[in-house]
Amino acid sequence: MKIFISSDMEGTAGVVDWDHVVATGPLYPYYCELLTNEVNAAIEGAMRAGADEFLVNDSHSKMANLKPSELAGSARYLSGRVKPMYMMQGLDETFDAVFFISYHGSMSSRGSTLSHTYFPTAFAQVSINGIIAGEAGINSLVAKAYGVPVVLITGDDTTAREIAPFAPGARAAVVKNSISRFAADSMHPTAACELIREQAFQAVSSLGAAEQVVLATPTTMEIDLRTSDYADLASRVAGVTREDTLRCSITQESPLELYRTFITIVLLCRGLTE
Ligand SMILES: [Zn+2]
């Protein structure tokens, strides 16, 4: 049984500030350890339920936040910052389940710790078929395309709520309750890992009954950009329609093509800024 893990960082218990998740932050190495423990807790829970192959796609910032030798389960480690399929690089139809570890709320969510949607400078809100989508919802497009169910998500209360319309059967390990974008009431890291381990075990144990990602096709994504510069740029991508000064939309039969188009916009917008 083969599990694909996309790991972010903002959803880790205890993490509440950008300083905790950028490489220049004094506490960054400490929070990397906590993140590693949470990823490993998910792997260990899944192993107890019979999973035996793991690919961890590091999806945070420069996408090289973990120490490969410290990963449990002899997991393969997909890392590095230029990946055409970004947070979902490496997934294909040979996997049995997808885990989203240490995810966070969408940019337009109310007071979710370190909320953003891919690139906070450019994206104000993304919705899929009229439902607000954070990174988990957007990344579910790829899971849908390959027919692999999303069965586990970890992060704060908002993260758990936002994945529900896309993956109603996914188990959530809520390791913190957000107070604001920069404050949260977190479980003790050891207790958070216990919860993740248990939810991963349950998720893999009941894989036979797991539902596919819920997504009507053709699928429409609406993207609200933060400035017209970004909207100008986005609307030049093939398949993107300019709806308004700040709004673009993409309608696609294929969830994979929709994701690819979205990622092209992300990369272009980053290019405009960085
Ligand atoms: Zn993220």
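Is S7 buried or exposed? In this predicted model, S7 is buried, with a relative accessible area of 0%, and the legends below begin with the whole chain before turning to S7 and other close-up views.

**Figure 1. Overall view of the protein chain, with seven helices and 12 strands.** The C-alpha trace spans about 50 × 40 × 30 Å along its principal axes. The radius of gyration is 17 Å, which agrees with the value near 19 Å that a compact globule of 274 residues would have. Buried residues account for 53% of the 274 residues, and the chain exposes about 11,000 Å², of which carbon and sulfur atoms supply 50%. Of the contacts between residues at least 6 apart in sequence, 68% join residues at least 24 apart. The chain carries 20 positive and 31 negative charges, and the mean positions of these two sets lie 3 Å apart.

**Figure 2. Close-up of S7 in strand β1 (residues 2–7).** With a relative accessible area of 0%, S7 falls under the 20% limit and is therefore buried. Not counting residues up to four places away in sequence, S7 touches V39, V56, N57, D58, S59, H60, L66 and I101. For a sense of distance from this site, D92 is 85 residues away from S7 in sequence, and the two C-alpha atoms are 17 Å apart in space.

**Figure 3. Close-up of V16 in the loop between β1 and α1 (18–21).** V16 has a relative accessible area of 18% and is buried. Leaving aside neighbours within four places in sequence, V16 is in contact with T113, L114, R181, F182, A183 and A184. One of these contacts, R181, is 165 residues from V16 along the sequence, while the C-alpha atoms of the two residues are 7.7 Å apart in space.

**Figure 4. Close-up of V82 in the loop between β3 and β4.** V82 has a relative accessible area of 74%, which is over the 50% limit, so V82 counts as exposed. The C-alpha atom of V82 is separated by 28 Å from that of S109, a residue 27 places away along the chain.

**Figure 5. Close-up of the aromatic pair formed by Y30 and Y31.** The chain holds seven aromatic pairs. In the pair shown here, the ring centres of Y30 and Y31 are 4.9 Å apart and the planes make an angle of 75°, an edge-to-face arrangement. The two partners are covered as follows: Y30 is partly exposed, at 41% relative accessibility, whereas Y31 is buried, at 10% relative accessibility.

**Figure 6. Close-up of the aromatic pair formed by Y86 and Y118.** The ring centres of Y86 and Y118 lie 5.1 Å apart with the planes at 70°, so this pair is edge-to-face. The pair links distant parts of the chain, 32 residues apart, with Y86 in the loop between β3 (76–78) and β4 (97–101) and Y118 in the loop between β4 and β5 (123–128). Y86 is buried at 8% relative accessibility, and Y118 is buried at 4%. Y86 and Y118 belong, together with F123 and F262, to one aromatic cluster.

**Figure 7. Close-up of backbone geometry at S61, N129 and the bond between T217 and P218.** Most residues other than glycine have a negative phi, and most peptide bonds are trans. S61, although not a glycine, has a positive phi of about 55°; this residue is found in the loop between β2 (53–58) and β3, where S61 is partly exposed at 48% relative accessibility. N129, likewise a residue other than glycine, has a positive phi near 45°; N129 is found in the loop between β5 and β6 (131–132) and is partly exposed, with a relative accessible area of 33%. The peptide bond that joins T217 and P218 is cis, with omega at about -10°, and P218 is placed in the loop between α5 (189–205) and β10 (219–225).

Conventions: Residues are numbered from 1 along each chain as its sequence is written. This is a predicted model: local features need pLDDT of at least 70, side-chain atom pairs count only at pLDDT 80 or more; totals for chains, interfaces and linings use all residues. Side-chain values use heavy atoms; hydrogens and water are left out. Helices (H or I, at least four residues) and strands (E, at least two) are DSSP runs, numbered from the N terminus. The radius of gyration is taken over C-alpha atoms; the globule rule is 2.2 Å times the number of residues to the power 0.38. Buried means under 20% relative accessible area, exposed over 50%, partly exposed in between (1.4 Å probe, protein chains only). Contact means heavy atoms within 4.5 Å. Accessible areas come from the Shrake-Rupley method with a 1.4 Å probe; for residues, only the protein chains shown count as cover. Lys and Arg count as positive and Asp and Glu as negative; His and the chain ends are not counted. The place of a charge is taken as NZ of Lys, CZ of Arg, CG of Asp or CD of Glu. Rings of Phe, Tyr and Trp (its six-membered ring) pair if their centres lie within 6.5 Å; planes under 30 degrees apart count as stacked, over 60 as edge-to-face and the rest as tilted.
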